[in-house]
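Colleague: I'm new to this one. Could you walk me through how to read its sheet and its helix contacts?

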Amino acid sequence: MPRPRKRRRCMTEENPEAQSETEGLTSAPVSIGEEDSSSSSTCSSSFPSSFSSSSSSSAVTSGTSGEGLAASREPVPSHSTPGACSSSTVMTSSPCNQLSAVSESEESSGSSEALPCDNSLPKGELDVKVDELVKYLLFKYLMKEPVTKAEMLSNVIKDYQDHFPVIFREASECMQLVFGIDMKEVEPGGHTYSLVIALELTYDGMMTNAQGIPKTGLLIMILGIIFMEGNCISEAMIWDVLNNIGLYAGDEHFMYGEPRKLITDDFVQEGYLEYRQVPDSDPPSYEFVWGPRAHAETTKMKILRFLTNINGSDPTQYPVLYEEALREEEERA
């Protein structure tokens, strides 16, 4: 794909319209891996309902107050369980118990698409069934097996079959947001689904022996932030965003291991990110751009559609980003 060869420094977008669009894709973040003291769950995780760093604040902003994470914030110890955990440990955790709260908030703001059973099932019971289904879907993904509606009903949903549509919807959203895994119906109306890596990427961050869990959700988040910040973002800004969702350099995370290694070593070695020193910076500072494998496997338009699908909007509502993505599509044609 044709792309500029000239190296550029990471700079905050000066275009007010572009800045406004970036903020439009921003909402209150949900922590990843914070332990809930009121629950027996050992690890609770969910990505924000939309991904963005604000050009004006160089951080993810709050969906209501508009305040950004201060750039000078000192890292604090992670709340995640110390040490990397195996896939079997993750299967006993509750990965998405906050996702339904985001969905309920969006639906109460005026959505007419809420399913009838949403209001009849207590939130606590809904969260439990969503968590159980997510664990089951992760197991199916690890086993490289498709999943059928009948299997989900008999093995997970059981006495909650009347509520299957909302449980399935929220579990599917969690798989996409947190793990970067899409559920694709094999045949229309056949109720058999394959679990595939989102955005046609070919890497899920797992070891070859299938230990751990998919890490594509974090990769997609970073690619999206880079795109929205003018195709280049400073390392400091990346960590502002990641700190705001519970990931800290040097702190072991139950899902991602040590985040700095995953991002600056693994994602870079796999070709999805480029990590380079900012020219003439003293002391040296570093920046991230998309790597060649990201350009080869996905597009800005796919990233934009992914982000707008998360917050229930449309790519055309962000004309600056949409036009840039459209130009790239035309260049690749």
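Modeller: Gladly! Keep in mind that this is a predicted model. Let's begin with one pairing: strand 1 and strand 3 (residues 192-197) run antiparallel and are joined by two bridges. Within that pairing, V147 stands opposite Y193 in strand 3.

Colleague: What is the order of the strands in the open sheet?

Modeller: Three strands make up this open sheet, in the order 1-3-2, and the pairing is antiparallel. Strand 1 (147-148) and strand 2 (181-185) are the edge strands, each pairing on one side only.

Colleague: Which strands does helix 6 touch?

Modeller: Helix 6 (residues 164-179) packs on the sheet and touches strand 2 and strand 3. Its direction makes about 135 degrees with that of strand 2.

Colleague: Now the helix pairs. Why is helix 8 oblique to helix 9?

Modeller: The axes of helix 8 (residues 235-244) and helix 9 (residues 259-269) cross at roughly 140 degrees and come within 12 Å. Angles between 115 and 145 degrees count as oblique, so helix 8 is oblique to helix 9. Their crossing is right-handed.

Colleague: Which residues make that contact?

Modeller: From helix 8 come E235, W239 and L242; helix 9 supplies P259, R260, I263 and T264. By class, that contact has four nonpolar, one polar and two charged residues.

Colleague: And at what angle do helix 11 and helix 12 cross?

Modeller: Roughly 145 degrees, with the axes of helix 11 (residues 300-310) and helix 12 (residues 319-332) coming within 8 Å. K300, M301 and L304 of helix 11 meet several residues of helix 12, including L321, Y322 and E324. This contact has six nonpolar, four charged and no polar residues.

Key:
Residues numbered from 1 in each chain as written. Predicted model: local features only at pLDDT ≥ 70, side-chain atom pairs only at ≥ 80, totals over all residues. Heavy atoms only, no water. Pairing = 2+ DSSP bridges. Helix = DSSP H or I, 4+ residues; strand = E, 2+ residues; numbered from the N terminus. Contact = heavy atoms within 4.5 Å. Axes fitted to C-alpha atoms, helices over the stretch in contact; angles between N-to-C directions. Nonpolar A, V, L, I, M, F, W, Y, C, P; charged D, E, K, R; others polar. Parallel < 35°, antiparallel > 145°, perpendicular 65-115°, else oblique. Left-handed = near helix turned anticlockwise from the far one by under 90°.
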